[in-house]
Amino acid sequence: MVAQKHDSLEKIEAEVRGCPLCKLARTRKNAVPGEGQLSAKIMFIGEAPGRSEDEKGRPFVGAAGRILDNLLEKAGIERSQVFITNVVKCRPPDNRVPEEDEAAACRPYLDRQIGLIRPKVICILGRTAYTSLLGGSSITANRGKIVEKAGQKYFLTFHPAAAIYNKSLLSALEADLKELAKEMKNEGKSSMEDYL
Ligand code: SF4
């Protein structure tokens, strides 16, 4: 993805916070553009903001966020040094899966973020992001894999929220994020710090 001249993460954030482009604008409290560094080498993309995220306007700050924080720490990845966002930037009512028209309306924001950050790896969290970005359907069958599409690498794993209801997924998620950290190290640098 090629970034437009004069675009910036701040500009996207301001547009998202006031965005009227799909019906989720009518029910959200706060849009959640995403957060992290322009220089991030890993970008995490989940499904949509939940209740806590909608309250605070920040991504992954509820129960799933705590799981993600813990997993990142165990993998030696600093949350402050990655970029985290979602397929749609506003909370769907009752946390339902975003509808196709909502994901389509929101997609240009995500594409612009990816174009600006140009991450080495995009870590797909869960099925909605997998379907939306790569047209895939089964995360269970493909988790832990790296997929390359149009010159962009993607790493596939479960959404951390899935581990709230199914604790057995925690160890899989932990193994996957450690694998992701290892993959980043294997790109020829001596330490994770060089990438983050
Ligand atoms: S989900 Fe995306 S397209 Fe829809 S209102 Fe929010 S920011 Fe706009």
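What follows walks through the sheet, the helices packed around it and a few backbone details of this predicted model.

The sheet is a good place to start. Six strands make up an open sheet with mixed pairing, and their order across it is 1-3-2-4-6-5. The edges are taken by strand 1 (35–36) and strand 5 (146–149); each has a single partner strand, so one side of each is left without a neighbour in the sheet. Strands in a sheet are held together by backbone hydrogen bonds, in either a parallel or an antiparallel sense. Strand 2 (42–46) pairs with strand 3 (residues 83–86) in the parallel sense, over four bridges, and here Phe 44 sits opposite Ile 84 of strand 3. Strand 2 also runs parallel to strand 4, again with four bridges joining the two; in this case Met 43 stands opposite Ile 122 of strand 4. Moving on across the sheet, strand 4 and strand 6 are parallel too and are joined by five bridges. One pairing here puts Val 121 against Lys 153, its bridge partner in strand 6.

Strand 4 (121–125) deserves a closer look. Five of its five residues are buried. In a regular strand, side chains take turns pointing to one face of the sheet and then the other. Strand 4 is covered on both faces: Val 121, Cys 123 and Leu 125 are buried on one side, and Ile 122 and Ile 124 are buried on the other.

Helix 4 (residues 100–117) lies across strand 2, strand 3 and strand 4, and runs at about 165 degrees to strand 3. Helix 4 also has a helical partner. Its axis comes within 10 Å of the axis of helix 1 (residues 9–17), and the two cross at roughly 165 degrees. That makes helix 1 roughly antiparallel to helix 4, and the crossing is left-handed. On the helix 1 side the contact involves Leu 9, Ile 12 and Val 16, which meet Tyr 109, Arg 112, Gln 113 and Leu 116 of helix 4. By residue type, this contact splits into five nonpolar, one polar and one charged. As for the spacing of such positions, an α-helix has 3.6 residues a turn, so residues three or four places apart point the same way.

A second helix pair is set up otherwise. Helix 3 (residues 63–75) and helix 8 (residues 168–185) have axes 9 Å apart and pack at an angle of about 45 degrees. The two are therefore oblique to each other, and their crossing is right-handed. Helix 3 brings Leu 71, Leu 72, Lys 74 and Ala 75 to the contact, while helix 8 supplies Leu 173, Glu 174, Leu 177, Lys 178, Leu 180 and Ala 181. Sorted by type, the residues of this contact come out as seven nonpolar, no polar and three charged.

Helix 5 (residues 127–134) has a run of buried positions: Thr 128, Ala 129, Tyr 130, Ser 132 and Leu 133. The cover over them includes strand 2, helix 4, strand 4, helix 6 (139–142) and strand 6 (152–157). Straight after helix 5 comes Gly 135, with a positive phi near 70 degrees.

Positive phi turns up elsewhere as well. Most residues other than glycine have a negative phi. Phe 60, which is not a glycine, has a positive phi near 50 degrees. Phe 60 belongs to the loop between helix 2 (51–56) and helix 3, and it is buried, with 28 other C-beta atoms within 10 Å. Arg 118 likewise has a positive phi, near 45 degrees, without being a glycine. Arg 118 is in the loop between helix 4 and strand 4, and it counts as partly exposed because it has 15 C-beta neighbours inside 10 Å.

The last residue to point out is Asn 142, in helix 6. Asn 142 also has 15 C-beta neighbours inside 10 Å and so counts as partly exposed. Leaving aside neighbours within four places in sequence, Asn 142 is in contact with Gly 136 and Leu 156. In sequence, Leu 156 is 14 residues from Asn 142, yet their C-alpha atoms are 6.7 Å apart in space.

Definitions and conventions
Residues numbered from 1 in each chain as written. Predicted model: local features only at pLDDT ≥ 70, side-chain atom pairs only at ≥ 80, totals over all residues. Axes fitted to C-alpha atoms, helices over the stretch in contact; angles between N-to-C directions. Parallel < 35°, antiparallel > 145°, perpendicular 65-115°, else oblique. Left-handed = near helix turned anticlockwise from the far one by under 90°. Contact = placed C-beta atoms within 7 Å. Nonpolar A, V, L, I, M, F, W, Y, C, P; charged D, E, K, R; others polar. Buried ≥ 20, exposed ≤ 12 C-beta atoms within 10 Å, placed from the backbone. Pairing = 2+ DSSP bridges.
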